[in-house]
Amino acid sequence: MKSIAENIAQLRQIIPPSVKLIAVSKTKTAEEILQAYHAGQRAFGENYVQEYCGKAELLPRDIEWHFIGHLQSNKVKYIAPSVHWIHAVDSMKLLREVQKEASKNKRIINVLLQVHIAREESKFGFAPDELNNFAQSLNSSEFPNVRICGLMGMASFTEEMDQVREEFRTLHRLFKQLKETVFRQSADFTELSMGMSGDWPAAVEEGSTMVRIGSAIFGHR
Ligand SMILES: *Cc1c(COP(=O)(O)O)cnc(C)c1O
């Protein structure tokens, strides 16, 4: 088995430099994160609030933390002092809470709107047809401490790559639509977070700007 550092070096060679590699370190130890850090990795993704807070406190200050998991509004306060990106915003309630806590901490937090593109049932993420209404209802003056930077999605958990690719394509289409309409005045709306260990090459081909890769770096969880 390859080391964490070797996995990172290899991924860096094949992922285009314009695509950000986020090392998904959920369930992994601070020690393992440091191995990636010493290989030059700075962007890390976490899913669980308590686990994230413990690690953020312990690990180097120049890590760029991405909270990629489902986030309950009442937990935003715990991550707001340190988090840089929140990938899975899927309600006005959550967005308002991010604004409130970012403001309290005198910070600006980058967020992505999560869209439900997979075939599997899920409570999380906007349905594609809800997304436009939500985006139109946003009043940017209400969110001075939040940067809405783009969209995030997860494809179906399947070996059928045609299906997966079609879902990534759908997300890219939604992203372009919003970028040309609701967000046409925004310089921030530039990111499309899609692709994980099993499907990132297809995601990159379909326009991803951020890949979230866990097991291909750290091994199986
Ligand atoms: C766990 C997780 C990943 C990484 O998954 P791997 O298959 O281990 O690369 C990416 N995105 C989200 C939202 C996750 O929860």
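Which residues does N110 touch, not counting residues up to four places away in sequence? That was my opening query on this predicted model, and the list came back as H84, W85, I86, R147 and C149.

**Entry 1: N110**

I placed N110 first: it lies in strand β5, which covers residues 109-115. Next I looked up its accessibility. N110 comes out at 9%, so it counts as buried, the cut-off being under 20%. I then checked what the side chain does, and found a polar contact from N110 to the side chain of R147, at 2.8 Å. R147 is thus also one of the residues on the contact list of N110. For a distance along the chain versus through space, I took H87: it is 23 residues away from N110 in sequence, and the two C-alpha atoms are separated by 8.4 Å.

**Entry 2: the strands around β3**

I moved on to strand pairing. How many bridges join β2 to β3? I found 4, and the two strands run parallel. One pair I noted down is A43 with its bridge partner E64 in β3. On to the next pairing: β3 and β4 (residues 85-89) are also parallel, joined by 2 bridges. Here I noted F67, whose bridge partner in β4 is I86. I had met I86 already, as one of the contacts of N110.

I also looked up the handedness of the connection. β2, α3 and β3 form a β-α-β unit, and it is right-handed.

**Entry 3: helix α3**

Since α3 is the helix of that unit, I gave it an entry of its own. It spans residues 49-58, and its buried residues are V49, Y52, K55 and A56. Why do I say that they line one face of the helix? Viewed down the axis of α3, the buried residues fall within an arc of 130 degrees, so one face is what they line. A reminder to myself: an α-helix has 3.6 residues a turn, so residues three or four places apart point the same way. On the other side of α3 I found Q50, E57 and L58 exposed.

What do the buried residues of α3 pack against? My notes give two helices and two strands by name: α2 (30-38), β2 (43-46), β3 (64-67) and α4 (76-79).

**Entry 4: S25**

I then went to the loop between β1 (20-24) and α2, where S25 has its place. Buried or exposed? S25 has 0% relative accessibility, so it counts as buried. Leaving out residues up to four places away in sequence, I listed its contacts as I33, F44, G45, E46, E51, K55, W65 and F218. K55 is a name I know from the buried residues of α3. With E46, S25 makes a side-chain to side-chain polar contact at 2.6 Å. I also took the C-alpha to C-alpha distance from S25 to Y52, which is 9.3 Å for 27 residues in sequence.

**Entry 5: the ligand and N47**

How many residues surround the ligand? I count 13, and the closest are K26, N47, S197, G214 and R221. I pulled the polar distances next. K26 has a polar side-chain atom 2.7 Å from a ligand oxygen, and S197 has one 2.5 Å from an oxygen atom of the ligand. For R212, an N or O atom of the side chain is 2.9 Å from a nitrogen atom of the ligand.

I followed up on N47, which is found in the loop between β2 and α3. Its relative accessible area is 14%, so N47 is buried. Beyond its neighbours within four places in sequence, N47 is in contact with V24, K26, F67, I68, G69 and H70. K26 therefore appears twice in my notes, here as a contact of N47 and above among the residues closest to the ligand.

**Entry 6: two positive phi values**

My last look was at the backbone. Most residues other than glycine have a negative phi. T27 has a phi near 70 degrees, a positive value. T27 sits in the loop between β1 and α2, and is partly exposed at 46% relative accessible area.

K106 also has a positive phi, near 50 degrees. This residue lies in the loop between α5 (92-104) and β5. With a relative accessible area of 75%, K106 is exposed.

Terms used
Residues are numbered from 1 along each chain as its sequence is written. This is a predicted model: local features need pLDDT of at least 70, side-chain atom pairs count only at pLDDT 80 or more; totals for chains, interfaces and linings use all residues. Side-chain values use heavy atoms; hydrogens and water are left out. Buried means under 20% relative accessible area, exposed over 50%, partly exposed in between (1.4 Å probe, protein chains only). The arc is that of the directions from the helix axis to the C-beta atoms. Contact means heavy atoms within 4.5 Å. Two strands pair if DSSP finds at least two bridges between them. A crossover is right-handed if, with the strands pointing away from the viewer, the path from the first strand over the helix to the second runs clockwise. A residue is near a molecule or strand if one of its heavy atoms lies within 4 Å of it. A polar contact is a pair of N or O atoms within 3.5 Å; within protein, one must be able to donate a hydrogen and the other to accept it, and residues adjacent in sequence count only if both atoms are side-chain atoms.
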